[in-house]
Amino acid sequence: MTGRIAVSVIIPVYNAAHFVERAIGSVLAQSLPAAEILVVDDCSTDTTLAVVEALALRHPHIRPLRMARNGGPAAARNMGIAHATGDWIAILDADDAYASDRLDAMADMAAQDPAADILADDLLYYDAVAGQVTGRAMGPRAMPPPPVTLDDYLAHNLADGRGVDWGLLKPVIRRDLLVRSGIRYPVGQRHGEDFTFMVTLLLHGARMRILDTAHYLYTQREGTISRRASDMTRTTIAYGALAQAAIDLADAPAIRADPRLTAMLLARAEGLRRLDDAHFFSQAIRRGAVGALAARAVKRPSFVPRMGWQIGRAMQRRVAQWRSA
C-alpha cells in the first residue's frame with residue numbers, strides 16, 4: 001500500500017436481518033480498516049436494527065442510524081453522508097460485500113492520482129446460493145484511461161446489452177466534494193439513483209478514476225452457477241423508471257447543450273424501454289395475461305413489433321427443442 005485514506009463506509013439497510021452481518025463483516029475484515037461504518041436503517045420491519053446494534057456493541061466503529069420514515073436507498077445514503085466524518089465516503093449495499101483488500105486498493109489509487117474525486121473498481125459477480133464468486137463483470141483492460149469523463153460514463157450506460165451498466169459500480173467519493181457541491185442522491189428516485197447521482201457529479205466537474213481490478217462482490221439476482229434466485233438481493237426490475245430517469249437527465253440544461261450527451265441518454269432510455277417490454281412480455285406470458293399484452297400494445301404502439309419479435313424468438317426455441325428431441 002502506498003497511501004492511507006480515512007473512509008466512512010455507508011450501508012443503507014431495509015429488512016436485511018439475515019444477511020446484513022455479512023456486509024458489515026466484510027468491512028470489518030478490511031486490510032485497511034474503515035474509519036467508521038454507518039449503517040442506516042430505513043425503518044425495517046424485521047430485526048435488522050437489533051442485529052446492527054448488537055454488532056455495534058462489539059465493534060465501536062459501527063454507527064447505527066435510523067431514518068424517521070422509510071425513504072428508500074437514496075434518502076438513506078444521504079443520511080449517512082450527513083453523518084460521515086471520513087475524508088472519503090464509500091457505498092456498500094446490504095446484500096453485497098467487499099473483498100478484504102478493497103479499501104487498500106482504493107487507497108493506492110488515491111495516492112497515485114491525488115486529483116481524483118471519485119474512485120471505483122470492477123465488480124465480482126457473486127452467486128449467493130452457491131456461495132461463490134462467478135467472475136468479473138467487465139474483465140481486465142475494459143476501462144478507459146483516466147480520468148473517466150461524462151462522455152465515457154454515458155457511453156457505458158446505453159442499456160444495449162453489450163456491456164455492464166456502470167451505474168452498478170459503487171463509488172468511493174471525497175467527502176469534501178459532496179460538502180462543497182451539495183450534490184446528494186436524488187430522493188425522488190427509488191431506481192437508478194446511483195446513475196443520476198454519478199452523472200450529476202461528473203457534470204459538476206468531478207474527476208473519476210476506475211481501477212482495472214475487481215474488489216466489490218455484487219450479488220446476482222439469479223446465480224450463474226446455482227441458477228437459483230438469491231434470497232438476499234433487494235434489486236428489483238424497474239426498467240420503465242430507469243428509462244424515465246434518463247429522459248429527465250437529457251432535459252437538464254447542461255446536457256441539452258451537448259447533442260452527443262443528449263443522444264446517449266435518449267439511446268439509454270430507448271434500450272431500457274426495450275428491456276421493459278421484453279420483461280413485461282415474459283411475465284405476461286407466464287401468467288397467461290393476454291389482455292395485459294393487448295392493453296400495453298394499445299398504450300404503446302412500439303410494443304407491437306417488439307412483441308412480435310418475442311413471439312418469433314419463442315417459436316424458434318420451440319422448433320429447436322422439437323428438432324433436438
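**Figure 1. Overall view of the predicted chain and its surface.** The protein chain exposes about 15400 Å². Carbon and sulfur atoms supply 55% of that area. The model is predicted. Buried residues make up 49% of the 325 residues. The C-alpha atoms fill a box of roughly 60 × 45 × 40 Å along the principal axes. The radius of gyration is 21 Å, which agrees with the value near 20 Å for a compact globule of 325 residues. The secondary structure comprises 12 helices and 9 strands. Among contacts with a separation of 6 or more, 75% join residues 24 or more positions apart.

**Figure 2. Two domains and their contact.** Domain 1 covers residues 7-229, and domain 2 covers residues 239-324. Their centres, taken over C-alpha atoms, are separated by 28 Å. Domain 1 gives 15 residues to the contact, and domain 2 gives 15 residues.

**Figure 3. The annotated span, residues 8-120.** The UniProt record, an unreviewed entry, places the feature "domain: Glycosyltransferase 2-like" here. The span is 38% helix and 23% strand. Its end C-alpha atoms lie 15 Å apart.

**Figure 4. The largest nonpolar core.** This core holds 89 residues. Val9, Ile11, Leu201 and Met208 touch the most other members. Domain 1 (7-229) and domain 2 (239-324) both give residues to the core, so it lies between them.

**Figure 5. Close-up of isoleucine 11.** Ile11 is one of the core residues that touch the most other members. Which residues is isoleucine 11 in contact with, leaving aside its neighbours within four places in sequence? One set is Ala23, Ile24 and Val27. Another is Ile37, Leu38, Val39 and Val40. Leu92, Asp93 and Ala94 complete the list.

**Figure 6. Helix H4 and its surroundings.** Helix H4 spans residues 102-112. Of its 11 residues, 8 are buried, so the helix is largely enclosed by the rest of the structure. The buried residues are Arg102, Leu103, Asp104, Ala105, Met106, Ala107, Met109 and Ala110. The list therefore includes Arg102 and Asp104, each of which counts as buried because its relative accessible area is under 20%. What do the buried residues of H4 pack against? The partners are strands S1 (7-13), S4 (88-91), S5 (97-98), S6 (118-127), S8 (172-174) and S9 (208-219).

**Figure 7. Close-up of threonine 196.** Thr196 is found in helix H7, residues 193-203. Is threonine 196 buried or exposed? Its relative accessibility is 9%, so threonine 196 counts as buried. Beyond its neighbours within four places in sequence, Thr196 is in contact with Pro186 and Gln189. Thr196 is also in contact with Ala245 and Leu249. Residues 239-324 form domain 2.

**Figure 8. Close-up of leucine 158.** Leu158 is found in the loop between helix H5 (150-155) and strand S8. Leu158 is partly exposed, with a relative accessible area of 22%. Where the cut-off for buried is under 20%, this value falls outside it. Leu158 touches Met264, Ala267, Arg268 and Gly271, not counting residues up to four places away in sequence. Leucine 158 and alanine 267 are 109 residues apart along the chain. Their C-alpha atoms are separated by 6.0 Å.

Terms used. Residues numbered from 1 in each chain as written. Predicted model: local features only at pLDDT ≥ 70, side-chain atom pairs only at ≥ 80, totals over all residues. Heavy atoms only, no water. UniProt positions renumbered as here; feature names shortened; annotations may be inferred. Helix = DSSP H or I, 4+ residues; strand = E, 2+ residues; numbered from the N terminus. Core = buried A, V, L, I, M, F, W, Y, C linked by side-chain atoms within 4.5 Å. Buried < 20%, exposed > 50% of the residue type's maximum accessible area, 1.4 Å probe, protein only. Domains from an automatic or database assignment. Contact = heavy atoms within 4.5 Å. Rg over C-alpha atoms; globule rule 2.2 N^0.38 Å. Areas by Shrake-Rupley, 256 points an atom, 1.4 Å probe, with all protein chains shown as cover.
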